[in-house]
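Me: I am new to this structure and would like a close look at one part of it, the place where the helices pack against one another. Could you take me through that part slowly, naming the residues that make the contacts?

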Amino acid sequence: VIVAFLSGLFVDYTMIDEVKTGVVERFRVTPVSRFALLAGRVLRDLVNTLVIVIFFTLVAIPFGFHVHIFGYLILLVLVALLLITTSSFGNALGLILKDEDRLSPIVQGINLPIILLSGMLLPMVLAPTWLQVIAHFNPAYYAVEAGRLLVAGHIFQAQVGEAFLFMVPLAILVVAWATRAFNNALS
């Protein structure tokens, strides 16, 4: 989950580089849909990240990581939803801001609280109640909680359903917003 979150969140720096070098400017004259331009970037990020996640999993197995295969496959779908969300957000943010100096405080301001409130480093059950409540507004929290259950084979737990109920609409909203940002920037 952390690889998917960070991979998607930091693609905006690549987008800024492409804005500055004129690559994005050349897309203005192409007849391709702006959604397709976004989807191509997100698909590239998705493939790269899934390869890395699968590689990390394969490396961890000889060291004692026990994984339920079907649960792991479902987790990959959840990780893909998280990456689609963060990559779309990152690409749109880079296209809107067009400057690393304006982007860095925003990305770092999002990055640290999301990681800390996701339960990636320590389970949120160890946190005070008020932090546990705030964590429920964090998309990475749902992916982490469901991920722990899925790799252990607990596929039909409520947290898994909650993760999908949270991530699917969020991914749709962020992709729609990012597509609009691409339309506005490239029109």
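**Helix packing around α5**

Reply: In this model, which is predicted, helix α4 passes helix α5 in a right-handed crossing. The angle at which α4 and α5 pack is about 140°, and their axes lie 9 Å apart. Only angles over 145 degrees count as roughly antiparallel, and α4 and α5 are therefore described as oblique to each other. On the α4 side, the residues that take part are Leu38, Arg41, Val42, Asp45, Leu46, Thr49, Leu50, Val53, Ile54 and Thr57, and they meet Tyr72, Leu76, Val79, Ala80, Leu83, Ile84, Ser87, Ser88 and Asn91 on the α5 side. Sorted by class, the residues of this contact comprise twelve nonpolar, five polar and two charged ones.

It helps to look next at α4 by itself. This helix runs over residues 34-60, and its 27 residues reach 39 Å from the first C-alpha to the last, which is close to the 39 Å expected at 1.5 Å a residue. Its buried residues are Arg34, Leu37, Leu38, Arg41, Val42, Asp45, Leu46, Thr49, Val53 and Thr57. What covers these buried residues includes α5, already met above, together with α1 (2-9), α2 (12-21), α3 (23-27) and α9 (158-185).

Thr57 is a good residue to follow along α4, the helix in which it lies. With a relative accessible area of 10%, Thr57 counts as buried, because the cut-off for that word is under 20%. If neighbours within four places in sequence are left aside, the residues in contact with Thr57 are Phe65 and Tyr72, and Tyr72 also appears among the α5 residues that meet α4.

Asn91 offers a similar view from the other helix, for this residue is found in α5. Asn91 is buried, and its relative accessible area is 0%. Setting aside the neighbours within four places in sequence, Asn91 is in contact with Val11, Met15, Leu38, Arg41, Val42, Asp45 and Phe182. Among these partners, Leu38, Arg41, Val42 and Asp45 are also listed on the α4 side of the contact with α5.

Met15, another partner of Asn91, leads on to the packing of α2 with α5. The axes of α2 and α5 are 7 Å apart, and the two helices pack at an angle of about 35°. The crossing that α2 and α5 make is right-handed. From α2 the contact takes Asp12, Met15, Ile16 and Val19, and from α5 it takes Gly90, Asn91, Leu93, Gly94 and Leu95. The classes represented where α2 touches α5 are five nonpolar, three polar and one charged residues.

Leu93, which belongs to that contact with α2, is also one of the residues through which α5 meets α6. Here the axes of α5 (residues 69-97) and α6 (residues 100-116) come within 10 Å and cross at roughly 150°. This angle is over the 145-degree cut-off, and α5 and α6 are therefore roughly antiparallel to each other. Their crossing, too, is right-handed. The residues that meet are Phe89, Leu93, Ile96 and Leu97 in α5, and Arg102, Leu103, Ile106 and Ile110 in α6. By class, this contact of α5 with α6 has seven nonpolar residues, no polar ones and one charged residue.

Between α5 and α6 the chain passes through a loop, and Lys98 lies in that loop. Lys98 has a phi near 60°, a positive value in a residue other than glycine. Its relative accessible area is 41%, which makes Lys98 partly exposed.

To finish, helix α9, one of the elements that cover α4, holds the residue Met167. Met167 is buried, with a relative accessible area of 0%. Not counting residues up to four places away in sequence, Met167 touches Leu78, Leu81, Leu82, Thr85 and Pro139. Val29, by contrast, is found in the loop between α3 and α4, and with a relative accessible area of 71% Val29 is exposed. From C-alpha to C-alpha, Met167 and Val29 are 34 Å apart in space, with their positions 138 residues apart in sequence. Val29 and Leu186, however, are 157 residues apart along the chain, while their C-alpha atoms are separated by 8.6 Å.

Note on methods:
Residues numbered from 1 in each chain as written. Predicted model: local features only at pLDDT ≥ 70, side-chain atom pairs only at ≥ 80, totals over all residues. Heavy atoms only, no water. Axes fitted to C-alpha atoms, helices over the stretch in contact; angles between N-to-C directions. Helix = DSSP H or I, 4+ residues; strand = E, 2+ residues; numbered from the N terminus. Parallel < 35°, antiparallel > 145°, perpendicular 65-115°, else oblique. Left-handed = near helix turned anticlockwise from the far one by under 90°. Contact = heavy atoms within 4.5 Å. Nonpolar A, V, L, I, M, F, W, Y, C, P; charged D, E, K, R; others polar. Expected span 1.5 Å × (residues − 1). Buried < 20%, exposed > 50% of the residue type's maximum accessible area, 1.4 Å probe, protein only.
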